[in-house]
Amino acid sequence: MKKIICVLMSVFAMVSVADAQKKTAGAIQFETTIDPAAMAAASGMQIPDQMKARMPSSSKSNFELLFNATNASYMPVEDIEDSNGAGGGGGGIGRMMMRFGGGGGNREYYYSFADQKLTEVFDLNDTTYYMPSKLSLSTSGPIGSFRMGGGNADTAKAKPVVPPKIEVLKTDATKKIIGFDCKEVIVKSTRSVKILDMDKDVTEETHIWYTNDLGFNFSPNPKMWTEGTVLAIEGRGSSTIAKSIEYRGVSAKDVTPPKKAKLITEEEYKIKMDNMMKRFRQNRPGGGVQRIVVPGN
């Protein structure tokens with residue numbers, strides 16, 4: 001009898017260890033929703049109804065966080081038709097990682113937990129770059145904001161932008177997201193804008209929901225982070241929320257930056273982007289330009 005009990009205890013112990021190891025790796029699916037009209041309104045812009053009707057409606061995109069015990073990666077994903085049915089029981093739908101080019105574009109983020117390193121990977125002018133970065137709280141604004149430019153006699157020079165006042169408020173609010181108890185941090189960004197020739201202070205709020213139960217630091221927006229694993233970032237007109245988690249094996253290759261990418265520093269990247277904006281202003285017709293600015297992108 002004692003032998004049977006010992007065998008059962010050994011089996012239970014092995015199952016517990018295997019289960020614990022299994023929960024150190026997996027995938028979390030995130031969904032980002034963007035409503036340009038709501039974002040503009042939150043920034044204090046007065047948009048005529050006619051212009052609002054021509055603006056694109058809200059759009060959704062999917063992202064995936066892959067993690068194991070030592071590393072993680074976060075990038076856009078796209079559902080694709082798989083004629084081989086590789087998507088399992090999902091009706092032939094497979095997952096494909098997508099990298100988008102352009103002036104900064106969507107990025108891939110790679111995390112190394114031991115040294116708290118973050119690497120951004122992106123395509124720019126037909127070259128794939130990697131840029132060392134870090135999780136932080138942006139001092140330039142919330143998730144995303146509209147800025148109005150133009151009216152300068154010299155279109156080659158951008159108007160100086162006064163950084164907003166940033167306030168961080170920890171609340172007692174809690175929320176369950178994909179089974180984890182999350183705490184809330186509210187980031188308030190206040191800046192002065194000119195509306196109908198009158199200066200007005202506009203305050204935007206971003207709600208960050210994080211948990212410490214996953215054991216690593218992460219945020220779907222690396223410039224919107226205070227602590228823990230961020231599972232939701234909510235602002236007016238823009239949100240990114242974790243929708244599901246699946247514990248499974250994740251290979252080291254899937255959470256390691258590509259070796260063929262070219263190193264670029266933040267200073268070098270800023271110079272490149274400034275030069276691109278200068279060329280854009282020089283080539284465009286006179287008048288204002290409206291653009292979306294997203295911290296970290």
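Me: Before we get to β5 and β6, when do two strands count as paired here?
Reply: Two strands pair if DSSP finds at least two bridges between them. Keep in mind that this is a predicted model. The number to reach is at least two bridges.

Me: So how many bridges join β5 to β6, and do they run parallel or antiparallel?
Reply: β5 covers residues 108-112, and β6 covers residues 117-124. One of the matches puts Tyr 111 across from Leu 118 in β6. The two strands run antiparallel, and the bridges joining them number five.

Me: Which residue in the turn between β5 and β6 has a positive phi?
Reply: These strands form a hairpin with four residues between them. The phi in question is about 55°, and the residue is Gln 116.

Me: And on the other side, what stands opposite Leu 124 in β7?
Reply: β6 is also joined to β7, residues 127-133, by seven bridges, and that pair runs antiparallel. Their hairpin has two residues between the strands, with Asn 125 at a positive phi near 55°. Opposite Leu 124 you'll find Thr 127.

Me: How many residues of β6 are buried?
Reply: Buried means under 20% relative accessible area. Across the 297 residues of the protein chain, 38% make that cut. β6 is mostly covered, and of its eight residues the buried ones number seven.

Me: Zooming out, what share of the contacts between residues at least 6 apart in sequence joins residues at least 24 apart?
Reply: The protein chain has four helices and 15 strands. For contacts in that chain between residues at least 6 apart, the share joining residues at least 24 apart is 64%.

Technical notes
Residues are numbered from 1 along each chain as its sequence is written. This is a predicted model: local features need pLDDT of at least 70, side-chain atom pairs count only at pLDDT 80 or more; totals for chains, interfaces and linings use all residues. Side-chain values use heavy atoms; hydrogens and water are left out. Buried means under 20% relative accessible area, exposed over 50%, partly exposed in between (1.4 Å probe, protein chains only). Contact means heavy atoms within 4.5 Å.
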